[in-house]
Amino acid sequence: HQFAKTIFEILNIPVKVTEISQREFPSTVKRPAYSVLGNGKLKSMGLTMRPWKEALKSYLAERKKLNLI
């Protein structure tokens with residue numbers, strides 16, 4: 001929800017993004033109740049990830065420059 005909402009905000013697209021639960025959007029795919037993408041392996045190698053919003057802005061700017069959005 002927050003990721004999608006942020007994409008529209010960065011692109012200045014006025015749209016209402018409504019958060020829904022898994023129960024409201026049934027799927028046959030089994031999903032964990034809670035999951036987080038870990039970056040411990042990167043840290044152990046001395047590498048760090050940029051903040052996700054910063055990386056997303058950069059990605060969308062590049063796509064826009066290439067006229068892909």
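**Exercise 1. Classify Thr-6: buried or exposed?**

Solution. Start with the location: Thr-6 is found in helix α1. Helices are DSSP runs of H or I with at least four residues, numbered from the N terminus. Next, take the relative accessible area, which is 3% for Thr-6. Apply the cut-offs: buried is under 20%, exposed is over 50%, and partly exposed is in between (1.4 Å probe, protein chains only). Thr-6 is therefore buried. Finally, relate Thr-6 to Leu-37: they are 31 residues apart along the chain, and their C-alpha atoms are separated by 18 Å.

A note on the input: this is a predicted model, where local features need pLDDT of at least 70 and side-chain atom pairs count only at pLDDT 80 or more, while totals for chains, interfaces and linings use all residues. Residues are numbered from 1 along each chain as its sequence is written, and side-chain values use heavy atoms, with hydrogens and water left out.

**Exercise 2. Describe the largest pocket: what is its volume, and which residues line it?**

Solution. Fix the term first. On a 1 Å grid over the protein atoms alone, a pocket is an open set of points where a 1.4 Å probe fits, with protein on both sides within 12 Å along at least five of seven lines; lining residues have an atom within 4 Å of a point. The volume is the space filled by probe spheres set on the points, which are joined across faces, edges and corners. The largest pocket comes to about 190 Å³. Its lining is Leu-37, Gly-38, Asn-39, Met-49, Arg-50, Pro-51, Trp-52 and Ala-55. Sort these by class: five are nonpolar, two polar and one charged. In this scheme Ala, Val, Leu, Ile, Met, Phe, Trp, Tyr, Cys and Pro count as nonpolar, Asp, Glu, Lys and Arg as charged, and the others, Gly among them, as polar.

**Exercise 3. Find the residues that make the nonpolar surface patch of about 380 Å².**

Solution. Patch residues have over 30% relative accessible area and no salt bridge, and nonpolar side chains (Val, Leu, Ile, Met, Phe, Trp, Tyr) are joined within 5 Å. Areas come from the Shrake-Rupley method with a 1.4 Å probe. The patch is made by Leu-42, Met-45, Leu-47 and Met-49. Check one member: Leu-42 sits in helix α2 (residues 40–44). Leu-42 is partly exposed, at 31%.

**Exercise 4. Locate the salt bridge: which side chains meet in it?**

Solution. The criterion is a side-chain nitrogen of Lys or Arg within 4 Å of a carboxyl oxygen of Asp or Glu. The structure holds one such contact. It joins Lys-65 and Glu-62, at 3.4 Å, N to O. Both lie in helix α3, three residues apart, about one turn of the helix. Now compare cover. Lys-65 is exposed at 61%, whereas Glu-62 is partly exposed at 37%.

**Exercise 5. Examine the backbone at Asn-12 and Asn-67: what is phi at each?**

Solution. Asn-12 has a positive phi of about 55°, although it is not a glycine. Asn-12 lies in the loop between α1 (2–10) and α2 and is exposed, at 65%. Asn-67 has a positive phi of about 60° and is not a glycine either. Asn-67 is in the segment after α3 (52–65) and is exposed, at 69%.

**Exercise 6. How far in space is Pro-26 from Glu-9, C-alpha to C-alpha?**

Solution. Place Pro-26 first: it is in the loop between α1 and α2. Pro-26 is exposed, at 68%. Pro-26 and Glu-9 are 17 residues apart along the chain, with 27 Å between their C-alpha atoms. Repeat for Asn-12 and Ser-27: 15 residues apart in sequence, 31 Å apart in space.

How values were computed:
Patch = residues over 30% accessible without salt bridge, like charges linked within 9 Å, V, L, I, M, F, W, Y side chains within 5 Å. Helix = DSSP H or I, 4+ residues; strand = E, 2+ residues; numbered from the N terminus.
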